Amino acid sequence: MERKEIGGLGMDAREAALLTLNACERQGGWSDNVLKKQIASAGLDSRDAALATQLCFGVLQNKLLLDFYLGKFSNIPLKRMEGKVLQALRLGAYQLLFLTRIPASAAVDRSVAMTRSNCKNPRAPGMVNAILRSFQRNLDQLPTIPMEDPAEYLSILYSHPVWLVRQLLEVLGSEGTAEFLKANNGPAPMTAMVNTTKATPEQVTAALEEEGGQVESHPWLPSCLQLSKSGSIETLQPFQDGLFYIQDPASRLDILASGIQPEMQVLDVCAAPGGKSFAAAIQMENRGEVISCDIHPHKKTLIQKGAQRLGLDCITAMTADGKVRRPEWEGRFDAVLVDAPCSGLGVIRKKPDIRYKEPEPLEGLPQIQLEILENAAGYVKENGLLMYSTCTVLPRENEDVVRRFLEQHPDFRTEGFTLPGPVGEVPQGMVTLWPQVHGTDGFFICKLRKVGEHS
């Protein structure tokens with residue numbers, strides 16, 4: 001078992017992680033938002049905030065594995081335990097399994113102390129101590145995960161639900177699925193897209209290094225920088241000056257594939273937080289028009305603020321529902337971008353709690369995606385472009401949606417494109433990007449051209 005190094009100790013950091021994990025499990029909130037509030041309310045410094053984040057994300061990334069082992073050392077079923085007791089056990093077990101600079105005794109003692117201060121049952125601290133001490137003694141001979149069912153084995157080993165693993169096995173096979181699941185439990189690099197309407201990559205790199213950040217050029221994507229040790233991005237002067245914005249390379253590749261040019265009329269129908277609109281406007285050299293829409297008014301404000309910071313005045317933010325037809329937009333746009341609402345299963349490494357979504361609510365997504373795509377198609381000019389993308393990796397939300405769309409719209413055809421780096425030529429006009437292959441988010445891109453019904 002690979003153990004990750006991490007510096008820093010602090011009861012406050014552990015308690016912030018425990019309270020975050022408990023709140024998310026009870027109330028279904030997103031861990032990153034809940035954790036930010038906990039860190040702020042506890043007044044944690046940057047070192048303890050980093051530890052709280054590592055602990056919270058580490059438990060989420062390994063929850064099924066931790067529960068499998070803890071269940072072997074507990075006489076009480078985990079599901080019968082008080083929520084905070086279980087989270088204290090998971091935090092202790094995670095530190096024992098994966099962290100190197102935290103002494104085992106400290107990991108156990110602090111989990112016991114948190115149980116004593118946060119849990120109602122007076123017997124709980126003794127139980128947590130006994131379970132974790134037994135866990136610690138058996139670290140070199142932990143129970144073996146059953147291998148009879150490959151899906152269940154991978155599910156426990158990499159802490160992804162069995163239903164998702166089974167679907168991935170059909171797409172990737174055993175080895176590919178294992179690599180994808182492993183990548184989801186690793187860190188996602190922070191990437192910044194240079195606003196080339198204001199500065200060159202070299203100028204932005206120099207400006208960031210002046211503020212103490214570590215910057216490297218992306219290995220194969222132009223005008224893309226990889227950041228580390230940058231602290232709070234929003235406080236950096238180059239960010240405030242609009243010299244860059246944060247975006248995964250996958251989203252940038254979607255705009256590159258489109259071939260959008262200056263002076264075009266572009267519609268982004270599901271735009272928030274605005275990254276693709278920003279990429280399109282920059283690719284257009286801020287010449288032309290980008291109408292950037294979202295169904296939520298507060299997200300319209302978010303897009304407006306981002307465009308203003310970047311100095312991209314060709315962007316107009318609007319509140320609009322991607323499924324509701326606007327007659328004034330019929331046949332108006334050279335390119336229409338549809339980054340459809342999806343299951344988000346391609347961004348698990350950034351949002352580890354996505355993996356624990358119940359599958360049933362996801363079943364209706366392909367129909368919603370198809371409705372948005374069909375509505376958006378009406379806004380495309382003759383010979384114009386329709387770009388369909390999602391941040392998920394399952395064919396039912398990707399290729400299958402495109403196939404259904406093309407069956408109903410003979411006036412559209414897929415169109416091939418070429419992208420830099422490991423993606424290369426995509427003659428069939430659609431591609432799925434994978435973190436374990438391309439180093440990007442899991443992401444689907446499809447390029448469609450409106451060619452007329454008799455072409």
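## Salt bridges

By the rule used here (a side-chain nitrogen of Lys or Arg within 4 Å of a carboxyl oxygen of Asp or Glu), the count comes to 19 salt bridges. The model is a predicted one, in which local features need pLDDT of at least 70, side-chain atom pairs count only at pLDDT 80 or more, and totals for chains, interfaces and linings use all residues. Residues are numbered from 1 along each chain as its sequence is written, and side-chain values use heavy atoms, with hydrogens and water left out.

A good place to start is Glu25, which forms a salt bridge with Lys63; their closest N and O atoms are 3.3 Å apart. This pair links distant parts of the chain, with Glu25 in helix H1 (residues 11-27) and Lys63 in helix H4 (residues 63-73), 38 residues apart. Helices (H or I, at least four residues) and strands (E, at least two) are DSSP runs, numbered from the N terminus. Glu25 is partly exposed, with a relative accessible area of 42%, whereas Lys63 is buried at 13%. For these words, buried means under 20% relative accessible area, exposed over 50%, and partly exposed in between (1.4 Å probe, protein chains only). Both residues also belong to a network of salt bridges that links Glu25, Lys63, Asp67 and Arg90.

## Two more bridges to look at

Next, find Asp248 and Arg349, whose side chains meet in a salt bridge (4.0 Å, N to O). Asp248 lies in the loop between strand E4 (244-246) and helix H12 (249-258), and Arg349 in the loop between strand E8 (333-339) and helix H15 (365-377), so the pair ties together parts that are 101 residues apart in sequence. Asp248 counts as buried at 7% relative accessibility, and Arg349 is buried with a relative accessible area of 8%.

Glu415 and Lys447 form another salt bridge, with the closest N and O atoms 3.2 Å apart. Here too the pair links distant parts of the chain: Glu415 sits in the loop between strand E10 (412-414) and strand E11 (417-419), and Lys447 in strand E14, 32 residues apart. Glu415 is partly exposed, with a relative accessible area of 23%, while Lys447 counts as buried at 7%.

## Aromatic pairs

How many aromatic pairs does the structure hold? There are 11 aromatic pairs. One of them is Tyr388 with Phe444, an edge-to-face pair at 6.2 Å centre to centre and 70° between the planes. Tyr388 lies in strand E9 (residues 380-390) and Phe444 in strand E14 (residues 443-450), so the pair ties together parts that are 56 residues apart in sequence. Tyr388 is buried, and so is Phe444.

The cut-offs are these: rings of Phe, Tyr and Trp (its six-membered ring) pair if their centres lie within 6.5 Å, and planes under 30 degrees apart count as stacked, over 60 as edge-to-face and the rest as tilted. Ring pairs also link Phe68, Tyr69, Phe73 and Phe135 into a cluster.

## A negative patch

On the surface, Glu209, Glu210, Glu211 and Asp241 form a negative patch. Patches are made of residues with over 30% relative accessible area and no salt bridge; like charges are joined within 9 Å, and nonpolar side chains (Val, Leu, Ile, Met, Phe, Trp, Tyr) within 5 Å. From this patch, Glu211 is found in the loop between helix H10 (201-210) and strand E2 (214-217). Glu211 is partly exposed, with a relative accessible area of 37%.

## Backbone details in the loops

Where is the cis peptide bond? It joins Ala272 and Pro273, with omega about 5°. Pro273 lies in the loop between strand E5 (265-268) and helix H13 (275-283).

Ser223 has a positive phi of about 55° although it is not a glycine. Its place is the loop between E2 and strand E3 (224-228), and Ser223 counts as partly exposed at 27% relative accessibility. Glu285 is another residue other than glycine with a positive phi, near 60°. You will find Glu285 in the loop between H13 and strand E6 (289-294), where Glu285 is partly exposed with a relative accessible area of 47%.

How values were computed. Areas by Shrake-Rupley, 256 points an atom, 1.4 Å probe, with all protein chains shown as cover. Lys, Arg positive; Asp, Glu negative; His and termini not counted. Charge placed at Lys NZ, Arg CZ, Asp CG, Glu CD.
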